[in-house]
Amino acid sequence: MALLRPSSKSGIGMTSSRTRDRMLTRLREQGIKDELVLSAMGEIPRHIFVDEALSIRAYEDVSLPIGFGQTISQPYIVARMTEVLRNGGALGKVLEIGTGCGYQTAVLSKIADEVFSLERIRPLVMKARSHLRTLKCSNIKLDHADGSIGLSAYAPFHGIIVTAAASHIPEELLAQLAVGGRLVIPVGTTSQTLYLIERTTSEFKQTKLETVKFVPLLGGTTA
Ligand code: SAH
C-alpha cells in the first residue's frame, strides 16, 4: 500500500497557508500596513518560485538563490516596494524590471490592472513564465529584454519597479512614467539606497527611503 506523504510543493507542512500567515504577522511587525499587499502575499505560494530543495526556507525573511547568480528578494522588500509603489491607490499599468523567478510579478498581478515585466537572462524568463502559468496569472506580459531602457512601446506606466540596483536613475524610465506615477528603484553600487520618484506635472520628486541590497542592474541580455 502506498503511503501518502506530504510533499513540500503541495502546500502542506512548511509551505502551508499557516506558514504564509506567520510571514504576514512578521511583515506587519516590520511595519507593512497595506492590507492589499499583505493579502496578495498571503495568497501567493512563494515556495513554488524556488527550487524544491529550498522551498522549506521560502517564507523566511531572506533572499534565496534562483540560479544564474540571481536571487528572489526577501518577503519584506517585496512587500515594502509594492506598498510604496501603490501608495494606497489603484495601479493601472505597471512595469517591473528584473523578473527573476516571477514572485514580485505575481504579487503585482494581484494589485495592478496590467503588469509588464522584463528580464535579461533568458532561462529565468522561461522559469518565471512556467511559475506564473501554474498560478494562472493572466494580466502579465513577460519579455526577454534589457529593462534599463524601459518599454517605450507600452509607456506611460503608472508604476515602475526596478528589482536590481542601478548605478544611476535611467532617464528612459523617468520619461516612461505617467504624470502622477511612481518609480521605486534601488540605486548604488557598494552601498545601495531605495528611492521613490514621483512624477508631477512640473517635476520628478525624489525621496530616499532606506538602505537595501540587490543584485546589480546590468545592460544587454544573455541567451
Ligand atoms: N523581482 C525578483 C528579483 C529578481 S533579482 C523577485 O521577485 O524576487 C533581479 C533580476 O534582475 C535578476 O534576475 C537579473 O537578471 C535581472 N536584471 C538585472 N539587470 C537587468 C536588466 N537590465 N534588464 C532586465 N532584467 C535585469
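**A walk from two loops to the helices and the ligand**

Let's start at Pro156, which sits in the loop between strand 5 (140-144) and strand 6 (157-162). The model you are looking at is predicted, and in it the peptide bond joining Ala155 and Pro156 is cis, with an omega of about 5°. A second loop deserves a glance as well. Between strand 1 (64-67) and strand 2 (70-72) you will find Phe68. Its phi is near 60°, a positive value in a residue other than glycine.

From the loops, let's turn to the helices. Two packed helices are described by the angle between their axes and the distance between the axes. Take helix 1 (residues 17-29) and helix 2: their axes come within 9 Å and cross at roughly 155°. Because angles over 145 degrees count as roughly antiparallel, helix 1 is roughly antiparallel to helix 2. The crossing of this pair is right-handed. On the helix 1 side, the contact is made by Arg20, Met23, Leu24, Leu27 and Arg28, and these meet Glu35, Leu38, Met41, Gly42 and Glu43 of helix 2. Sorted by class, the residues of this contact are five nonpolar, one polar and four charged.

Helix 2 (residues 35-43) also packs with helix 3 (residues 75-86): here the axes come within 9 Å and cross at roughly 140°. That angle makes helix 2 oblique to helix 3. Once again you can look for the hand of the crossing, and for helix 2 and helix 3 it is right-handed. Which residues meet here? Helix 2 offers Leu36, Val37 and Met41, while helix 3 brings Pro75, Val78, Ala79, Thr82, Glu83 and Arg86. By class, this contact has six nonpolar, one polar and two charged residues. If you are following along in the structure, pause at Met41 of helix 2: this residue takes part in the contact with helix 1 and in the contact with helix 3.

Our last stop is the ligand. How many residues surround the ligand? There are 25, and the closest are Ser73, Glu119, Asp146, Gly147 and Leu218. Ser73 is a good place to zoom in, as one of its backbone N or O atoms lies 2.7 Å from an oxygen atom of the ligand. The backbone of Gln104 comes into play too, with a polar atom 2.9 Å from an oxygen atom of the ligand. At Arg120, a polar backbone atom is 3.3 Å from a nitrogen atom of the ligand.

Terms used. Residues numbered from 1 in each chain as written. Predicted model: local features only at pLDDT ≥ 70, side-chain atom pairs only at ≥ 80, totals over all residues. Heavy atoms only, no water. Axes fitted to C-alpha atoms, helices over the stretch in contact; angles between N-to-C directions. Helix = DSSP H or I, 4+ residues; strand = E, 2+ residues; numbered from the N terminus. Parallel < 35°, antiparallel > 145°, perpendicular 65-115°, else oblique. Left-handed = near helix turned anticlockwise from the far one by under 90°. Contact = heavy atoms within 4.5 Å. Nonpolar A, V, L, I, M, F, W, Y, C, P; charged D, E, K, R; others polar. Near = heavy atom within 4 Å. Polar contact = N/O pair within 3.5 Å; in protein donor to acceptor, adjacent residues only side chain to side chain.
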